[in-house]
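Here's a quick walk through how some of the helices in this protein sit against each other. Keep the 3D view open while you read.

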Amino acid sequence: MAQLIDLNADMGESFGDWTMGNDEALLNVVTSANIACGFHAGDPDVMAKTMARAHENGVGIGAHPGFPDLQGFGRRRMSIAPSTLANMVRYQLGAARAMAAAQGLKVRHFKLHGALSNMASEDKDMARTCYEAALSVDPDIILVVLAATPMQEVAQELRARWAAEIFADRAYNPDATLVDRSIDGAVIHDPELASSRILAMLEEGAIISESGKRIPTPIDTICTHGDTKNALEIARQLRKKLKSAGFTLAPMEGTGNSG
């Protein structure tokens, strides 16, 4: 097993007076933060504050763009022309980079959110549209890909920096995509179950699907969703178990060469 691992969480998803998740506490646990860019969640003040807190805690800063879907939290599938989708990605990444630069900080990685991510994990052309758009803004940014999906294939073909991600709080289909949230058991809330699953995947160097199928893959970073019930408890338990197993937690490097 590789002994260096990143633990990331989606955050910065509050909006105005409405609060989502416990970012303050999560930033004491994770090593990378995927910060909403205003389309599916978040706002400029939340983005700036989350980046500042992440920097104070030595947490890597990432942009987390999604569909323009505040009401649906970016989890509703949309049909958008590729040229428009590319500009939406540039727009959101540009906003994140500007907010970071104003504080003397840097956006290190890029991770698609929600339905946009799920669709790109199934469709190479869509993944390519998003990744080429991001790389046109920052050729050195780390692309966080859903491990063993077309997203990873595209990142490799583009010769980009990338990091293979698995999820602590989501169940997997046999093709390495995520089980639809509408299905019972798709989202995992039990911290012990979540951490034990991840340790088993790291041990085997493979995603373990609900069917029991093993899908060999490099694993560079592990995600827990900031809006998931028990997200903080899952992150804490996972960090504890990873350290006990001999892993060193650090922000992702994005070489894509871990396996």
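## α3 against α5

In this predicted model, α3 passes α5 in a right-handed crossing. Helix α3 covers residues 82-101, and the angle at which α3 and α5 pack is about 40°, with the axes 8 Å apart. Angles under 35 degrees would count as roughly parallel and 65 to 115 as roughly perpendicular, so α3 and α5 come out as oblique to each other.

Who does the touching? On the α3 side it's P82, L85, A86, V89, R90, L93 and R97, while α5 brings M126, T129, C130, A133, A134, S136 and V137. Sort the contact of α3 with α5 by class and you get ten nonpolar, two polar and two charged residues. As background for reading such lists, an α-helix has 3.6 residues a turn, so residues three or four places apart point the same way.

## α7 against α8

Further along the chain, helix α7 (residues 191-204) packs on helix α8 (residues 231-244) at an angle of about 40°, and their axes lie 8 Å apart. That angle makes α7 oblique to α8. The crossing of α7 and α8 is right-handed.

From α7, the residues making the contact are P191, E192, A194, S195, I198, L199 and L202. Helix α8 answers with E233, I234, Q237, L238, K241 and L242. By class, the contact of α7 with α8 has eight nonpolar, two polar and three charged residues.

## The short stretch of α6

Which residues of helix α6 are buried? Within α6 (residues 150-157), they are P150, M151, Q152, V154 and A155. The cover over these buried residues includes two helices, α4 (114-120) and α5 (124-137), as well as the strands β5 (142-146) and β6 (161-167). So α5 turns up twice: as part of the cover over α6 and as the partner of α3.

Just past the end of α6, have a look at R159: its phi is positive, at about 55°.

## The whole protein

Zooming out, the protein has eight helices and ten strands. Its C-alpha trace spans about 40 × 35 × 35 Å along the principal axes. A compact globule of 259 residues would have a radius of gyration near 18 Å, and the protein's 16 Å agrees with that.

Buried residues account for 56% of the 259 in the protein. As for contacts between residues at least 6 apart in sequence, 72% join residues at least 24 apart.

Terms used: Residues numbered from 1 in each chain as written. Predicted model: local features only at pLDDT ≥ 70, side-chain atom pairs only at ≥ 80, totals over all residues. Heavy atoms only, no water. Axes fitted to C-alpha atoms, helices over the stretch in contact; angles between N-to-C directions. Helix = DSSP H or I, 4+ residues; strand = E, 2+ residues; numbered from the N terminus. Parallel < 35°, antiparallel > 145°, perpendicular 65-115°, else oblique. Left-handed = near helix turned anticlockwise from the far one by under 90°. Contact = heavy atoms within 4.5 Å. Nonpolar A, V, L, I, M, F, W, Y, C, P; charged D, E, K, R; others polar. Buried < 20%, exposed > 50% of the residue type's maximum accessible area, 1.4 Å probe, protein only. Rg over C-alpha atoms; globule rule 2.2 N^0.38 Å.
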